[in-house]
Amino acid sequence: TRLAAARGLGDVYKRQVRDWAFENTEYNCLYSYMKYTNVGSYSTAIANGMKKVKEYPDAKNEISYAYAITREEWSQLNDNWIITPQTRNMQNDNKDM
């Protein structure tokens, strides 16, 4: 379905951002912070190869999570994506966004 393809394309874009950061900067670790109830955010972090590195009290959010991935962990990932005709069409549709 189009929704499933959009979610797959979103995963591709998230990985491209992560890869760009490691390929074009000197950062040795990337972090993602979120409220503990934000299942979508921490699911995305996990799908991007991140691991929970800290859980801490937060006055605004009660509890926040920090996920991270190091350059070394990233270099060991094998998550190359195959672009299907569906996702290629969606990429073309989103070029002007």
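## Starting with E73

Is E73 buried, partly exposed or exposed? E73 comes out as partly exposed, because its relative accessible area is 28%, which sits between the 20% and 50% cut-offs. Keep in mind that what you have here is a predicted model.

E73 is found in helix 3, and its side chain meets that of K51 in a salt bridge, at 3.7 Å from N to O. This pair ties together distant parts of the chain: K51 belongs to strand 2 (residues 51-58) and E73 to helix 3 (residues 71-75), with their positions 22 residues apart. E73 also has N28 to look at: the two are 45 residues apart along the chain, while their C-alpha atoms are separated by 9.9 Å.

## The overall layout

Now for the bigger picture. The protein has four helices and three strands, and reading along the sequence gives the pattern α-β-α-β-β-α-α. Of the 97 residues in the protein, 24% are buried.

Strand 3 (residues 62-70) is a handy place to see some of that burial, with Y67 lying in it. Y67 counts as buried because its relative accessibility is 6%, under the 20% cut-off. Y65 lies in strand 3 too, and with a relative accessible area of 13% Y65 is also buried.

## Contacts across the sequence

Both of those tyrosines pair up in space with residues from elsewhere in the sequence. Take Y67 and A45: they are 22 residues apart in sequence, and 6.6 Å apart in space from C-alpha to C-alpha. A45 turns up again below, as part of the pocket lining.

For Y65, the partner to look at is Y33. These two are 32 residues apart along the chain, and their C-alpha atoms are separated by 5.7 Å. Y33 lies in strand 1, whereas Y65 lies in strand 3. What about burial for this pair? Y65 is buried at 13%, but Y33 counts as exposed because its relative accessibility is 54%, over the 50% cut-off.

## A nonpolar patch on the surface

Y33 is also part of a nonpolar patch on the surface, where it is joined by Y31 and V53. Together the three have about 350 Å² of accessible area.

## The largest pocket

Which residues line the largest pocket? The lining is made up of K14, V17, R18, A21, L30, S32, S41, T44, A45, N48, M50 and I69. The volume of this pocket is about 150 Å³.

Sorted by class, the lining has six nonpolar residues, four polar ones and two charged ones. Helix 1 (2-24), strand 1 (29-35) and helix 2 (39-47) each put in at least two lining residues. Helix 1 gives the most, with four.

## Salt bridges

How many salt bridges are there? The count comes to three. One of them is the K51 and E73 pair already described.

Another involves a residue from the pocket lining, R18. R18 forms a salt bridge with D19, and the closest N and O atoms are 2.9 Å apart. R18 is buried, because its relative accessible area is 5%, under the 20% cut-off.

E55 and K52 also meet through their side chains in a salt bridge, at 3.0 Å from N to O. Why does E55 count as partly exposed? Its relative accessibility is 45%, so E55 falls between the 20% and 50% cut-offs. K52 is partly exposed as well, with a relative accessibility of 40%.

Technical notes. Residues numbered from 1 in each chain as written. Predicted model: local features only at pLDDT ≥ 70, side-chain atom pairs only at ≥ 80, totals over all residues. Heavy atoms only, no water. 1 Å grid on protein atoms, 1.4 Å probe; cavity = no way out; pocket = protein on both sides within 12 Å on 5 of 7 lines; lining within 4 Å. Points joined across faces, edges and corners; volume = space filled by probe spheres on them. Nonpolar A, V, L, I, M, F, W, Y, C, P; charged D, E, K, R; others polar. Patch = residues over 30% accessible without salt bridge, like charges linked within 9 Å, V, L, I, M, F, W, Y side chains within 5 Å. Areas by Shrake-Rupley, 256 points an atom, 1.4 Å probe, with all protein chains shown as cover. Salt bridge = Lys/Arg side-chain N within 4 Å of Asp/Glu carboxyl O. Buried < 20%, exposed > 50% of the residue type's maximum accessible area, 1.4 Å probe, protein only.
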